[in-house]
Amino acid sequence: MRIVMVGSGYVGLVSGACFADFGHKVICVDKAEEKIEALRQGIIPIFEPGLDALVETNVKAGRLSFTTELAPAVAEADVVFIAVGTPSRRGDGHADLGYVYAASKEIAEAMKGFTVVVTKSTVPVGTGDEVERIIRESNPDADFAVVSNPEFLREGAAIEDFKRPDRIVVGISDERARPVMNEVYRPLYLNQAPILYTSRRTSELIKYAANAFLAMKITFINEIADLCERVGADVQDVSRGIGLDGRIGSKFLHAGPGYGGSCFPKDTLALAKTAQDYESPVRLIETTIAINDNRKRAMGRKVIAAAGGDVRGKKVAIFGLTFKPNTDDMRDSPAIAIVQTLKDAGAIVAGYDPEGMDNARQMMEIDFTANPYEAAEGADVAVLVTEWNEFRALDLDRLKTIMNTPVFVDLRNVYRAHEVEPHGFAYHSIGKNS
Ligand code: UGA
């Protein structure tokens, strides 16, 4: 198959490299010349474990290439994926489809022969219909089918998720697309990954419903965690106790500082807006959004309480800034609201993150340090915000020696009280009485 990936951001690049690895011939297109030039030189603009090696292997094998020229690539393609960004529209929270529609028009003008156009970007219900309309209007002679094929990969585990998905969802409105999509995903199909064909609108909604459900699940356990603290229960044991019920499932039941990232906050908001537009509000999701927003600031207040109720002039050390480990992504990271709350209360904040500091510098003004110990030098509180592996085995004796007061707030429950307290710390975690 000759595949073109329009948009070489996170999803486009990972999907493009993985499709090439399946044996397809893939061209990744992006308007950003510097990005394409860097990719040609083997420089990957994002941090994703294993992606650099995958790109290198497939470029060397002649299956993967990069260009800024959309038209010649699309003219030769059997399948064109749209994997451009759909950020939240400023003001109203709807997904901004400007890039998707612009790409559709360009694709329409360039396509030759029967072409399957696939939206991989997360797009609201009905976007496929609009893409189809734009293509038909821009090129009345075009022979094409528009397909929805949402992506479910997680940052930090993207390649694994792509190659071993729980399922592949394909929404079609033209049967001619089915054999083409079967061929695109043949290696996974052979690996027994279920491929679920639905209508296009259904497929578009599945993506939002999946992310909203996961966001709701996290928010549920976060509220239970707050209750645990009040009643003297342990949220990790509650998670295990309910998660072993196969109907509930153990995943996405880790209580923490609230979900962040480029997907859950944006997608829950867009789903709530769409539902309002159709006068069928999704109140569980609206509430989830509100609870999660509050939670991030509440975590800042939790740190202040741990410091004795006042952080004015005190130093707080933050371990981990990204929204989760194994990514350099800072978008909607809980660290942003936590740092802001602490600074508003007069704290001096120092922070360290293994991969996210370049991005964090654009978003917050704190003292960025070379390692967690430098951040903790003279600190009154240390806060573990993101559960990077390197924070799982901190030298607690060293930390105790260099800190001004030994207070440790563990917002990811990486440690247990009995591991930390013997080193002389006041230890605070999530959803427990410590
Ligand atoms: C999420 C979904 O998991 C993917 O399936 C989806 O494809 C992706 O969005 C997307 O729409 O593109 P991602 O945002 O990369 O993936 O990260 P997650 O691993 O889902 O984590 C999201 C947030 O939830 C993080 O802030 C994480 O710390 C938090 N989280 C996750 C918890 O607080 N507790 C949990 O138990 C799980």
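The exercises below walk through parts of this predicted model, each with a worked solution.

Residues are numbered from 1 along each chain, following the sequence as written. Because this is a predicted model, local features need pLDDT of at least 70 and side-chain atom pairs count only at pLDDT 80 or more, while totals for chains, interfaces and linings use all residues.

**Exercise 1. Lay out the sheet.**
Task: state in which order the 6 strands of the open sheet stand, and which strands are at the edges.

Solution.
- Start with the terms. Helices (H or I, at least four residues) and strands (E, at least two) are DSSP runs, numbered from the N terminus. Two strands pair if DSSP finds at least two bridges between them.
- Read off the order: β11-β10-β9-β12-β13-β14, with parallel pairing.
- Now find the edges. β11 (367-368) and β14 each have a single partner strand, so one side of each is left without a neighbour in the sheet.
- Check one pair inside the order. β9 and β12 are joined in parallel by 4 bridges. Here I318 stands opposite V383 in β12.
- Add the helix. α13 (residues 283-306) packs on the sheet and touches β9, β12, β13 and β14. Its direction makes about 155° with that of β13. Axes are lines fitted to C-alpha atoms, for helices over the stretch in contact, and angles run from 0 to 180 degrees between N-to-C directions. Contact means that C-beta atoms, placed from the backbone, lie within 7 Å.

**Exercise 2. Follow strand β13.**
Task: name the partners of β13 and say which way its side chains point.

Solution.
- Take β12 (residues 381-384). It pairs with β13 in the parallel sense over 3 bridges. The bridge partner of A382 is F408 in β13.
- Trace the connection. β12, helix α17 (residues 396-402) and β13 make a right-handed β-α-β unit. Right-handed means that, with the strands pointing away from the viewer, the path from the first strand over the helix to the second runs clockwise.
- Take β14 (residues 426-428). It runs parallel to β13, again with 3 bridges. V409 has H428 of β14 as its bridge partner.
- Sort the side chains. In a regular strand they alternate between the two faces of the sheet. In β13 (residues 407-410), V407 and V409 point one way, F408 and D410 the other.
- Check burial. All four are buried. A residue is buried if 20 or more other C-beta atoms lie within 10 Å of its own, exposed if 12 or fewer, and partly exposed in between.

**Exercise 3. Describe a helix crossing.**
Task: state how the axes of α10 and α12 cross, and which residues make the contact.

Solution.
- The axes of α10 (residues 200-231) and α12 (residues 264-277) come within 9 Å and cross at roughly 115°.
- That makes α10 roughly perpendicular to α12. The cut-offs are under 35 degrees for roughly parallel, over 145 for roughly antiparallel, 65 to 115 for roughly perpendicular, and oblique for the rest.
- The contact uses Y208, N211, A212 and A215 of α10. From α12 come F264, D267, T268, A270 and L271.

**Exercise 4. Examine two positive phi values.**
Task: locate N326 and D332, and decide whether each is buried or exposed.

Solution.
- Most residues other than glycine have a negative phi.
- N326 has a positive phi of about 60°. D332 has one of about 55°.
- N326 lies in the loop between β9 (315-319) and α14 (334-344). D332 is in the loop between β9 and α14.
- N326 is buried, with 20 other C-beta atoms within 10 Å. D332 is buried, with 22 C-beta neighbours inside 10 Å.

Conventions:
Two residues are in contact if their C-beta atoms, placed from the backbone, lie within 7 Å.
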